[in-house]
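I have opened a new model and will work through it element by element. These are my notes on what I looked up.

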Amino acid sequence: MTSEILIGPSILAADFARLGEEIAAIDAAGADWIHCDVMDGHFVPNISFGADVIKAIRPVTKKVFDVHLMIAPVDPYLDAFAKAGADVITVHAEAGPHLDRTLQAVRALGKKAGVSLCPATSEGAIEYVLDRIDLVLVMTVNPGFGGQSFLESQLEKIKRIRTVIGDRPIRLEVDGGITRENAAAVAAAGADTLVAGSAVFRGKSSADYAGNIAAIRVAAEAGRVSKLQDISVQPMRAGESARLR
């Protein structure tokens with residue numbers, strides 16, 4: 001595991017009356033990605049925003065737009081989100097019958113493709129599409145609302161997915177209840193991309209947001225270092241060489 005830790009604030013927790021200003025603020029505060037949670041009131045029990053909003057805020061920043069589509073059906077809307085400015089388009093494994101076809105469509109639009117798993121969905125859902133994806137998103141809350149508490153049951157799933165990914169250039173993202181208090185455990189489990197909403201948008205200024213992002217990043221980096229140290233002291237079997245991902 002060598003990918004740098006990335007922090008993607010979720011704009012679902014931003015002040016929507018000042019959305020452009022909020023995005024500019026987290027950009028200046030050190031956000032790596034801008035995470036856009038799209039909800040349809042059907043696949044999840046909430047409605048957030050659509051492609052037109054993403055198109056409107058796209059000029060505010062050059063940061064990667066990480067668009068998480070919590071919608072079903074999803075295929076008819078991929079083109080609209082691609083044209084709106086998404087860089088990464090993540091779909092849910094549970095949202096449609098033909099996941100492989102959907103991922104092919106995302107790639108054909110010139111975008112990076114991600115798959116998200118709800119808490120009750122096994123990592124087996126991505127087994128046959130690993131060569132189609134650039135990102136796996138593990139939901140550590142049940143999708144639909146911001147501000148929920150982190151589900152610790154998902155830590156073992158994160159570990160298993162990290163093993164399944166192996167040496168593939170696939171990012172392992174975690175979204176839901178991420179804070180400076182649990183970021184270390186999440187990174188130690190194998191995540192390299194952390195989405196945080198409420199934990200970032202505390203305060204009223206870019207300086208507040210910068211402190212929040214930095215605290216999550218420091219905790220995550222500490223968790224990663226701890227994990228690597230644990231691996232380095234594991235006894236090796238005869239003929240084996242230690243390998244760090």
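How many bridges pair strand E5 with strand E6, and in which sense? I am working on a predicted model. I find 4 bridges between E5 (residues 112–117) and E6 (residues 135–139), in the parallel sense. I looked up one pair of positions and found serine 116 opposite leucine 137 in E6.

Next I traced the sheet. I read an open sheet of 8 strands with parallel pairing, in the order E1-E8-E7-E6-E5-E4-E3-E2. I noted the edge strands as E1 (6–9) and E2 (33–39), each of which pairs on one side only. I took the angle between neighbouring strands as well: they are turned by 25 degrees against each other on average, direction ignored.

I then asked what lies across E5 and E6. I found helix H5 (residues 154–165) there, and H5 also lies across strand E7 (171–175). I put the angle between H5 and E6 at about 170 degrees.

I moved to E2 and its partner. I count 7 bridges between E2 and E3, and the two strands run parallel. I picked isoleucine 34, whose bridge partner in E3 is phenylalanine 65. I checked how well E3 is covered and found 6 of its 7 residues buried.

After E3 (64–70) I followed the loop that leads to helix H3 (78–84), where proline 73 lies. I checked the peptide bond from alanine 72 to proline 73 and found it cis, with omega near 0 degrees. I noted this since most peptide bonds are trans.

Is isoleucine 54 buried or exposed? I located isoleucine 54 in helix H2 (residues 51–57). I class isoleucine 54 as buried because its relative accessible area is 0%, and the cut-off for buried is under 20%. Leaving out residues up to four places away in sequence, I list its contacts as Cys36, Val38, Phe49, Phe65, Val67, Phe81 and Ala84. I also took the C-alpha distance from isoleucine 54 to tryptophan 33, which is 14 Å for 21 residues of sequence.

I did the same for alanine 113, which is in strand E5. I class alanine 113 as buried too, because its relative accessible area is 0%. With residues up to four places away left out, alanine 113 touches Ile89, Leu103, Val106, Arg107, Arg132, Ile133, Asp134 and Leu135. I get 5.0 Å between the C-alpha atoms of alanine 113 and isoleucine 133, which are 20 residues apart along the chain.

Last, I looked for empty space. How many cavities of 30 Å³ or more does the whole structure hold? I found 1. I put the volume of the largest cavity at about 40 Å³. I list its lining as Thr179, Arg180, Glu181, Ala199, Arg202, Asn212, Ala215 and Ile216. I sorted these lining residues into 3 nonpolar, 2 polar and 3 charged.

I also went through the second largest pocket, with a volume of about 340 Å³. I count 25 lining residues, and the closest to the pocket centre are Gly146, Gly147, Gly176, Gly177 and Gly197. I noted that E2 and strand E8 (193–196) each supply at least two residues of this lining. By class, I have 12 nonpolar, 10 polar and 3 charged residues in the lining of this pocket.

Notes:
Residues are numbered from 1 along each chain as its sequence is written. This is a predicted model: local features need pLDDT of at least 70, side-chain atom pairs count only at pLDDT 80 or more; totals for chains, interfaces and linings use all residues. Side-chain values use heavy atoms; hydrogens and water are left out. Two strands pair if DSSP finds at least two bridges between them. Axes are lines fitted to C-alpha atoms, for helices over the stretch in contact, and angles run from 0 to 180 degrees between N-to-C directions. Contact means heavy atoms within 4.5 Å. On a 1 Å grid over the protein atoms alone, a cavity is a set of points where a 1.4 Å probe fits but cannot get out, and a pocket is an open set with protein on both sides within 12 Å along at least five of seven lines; lining residues have an atom within 4 Å of a point. Grid points are joined across faces, edges and corners, and a volume is the space filled by probe spheres set on the points. Ala, Val, Leu, Ile, Met, Phe, Trp, Tyr, Cys and Pro count as nonpolar, Asp, Glu, Lys and Arg as charged, and the others, Gly among them, as polar. Buried means under 20% relative accessible area, exposed over 50%, partly exposed in between (1.4 Å probe, protein chains only).
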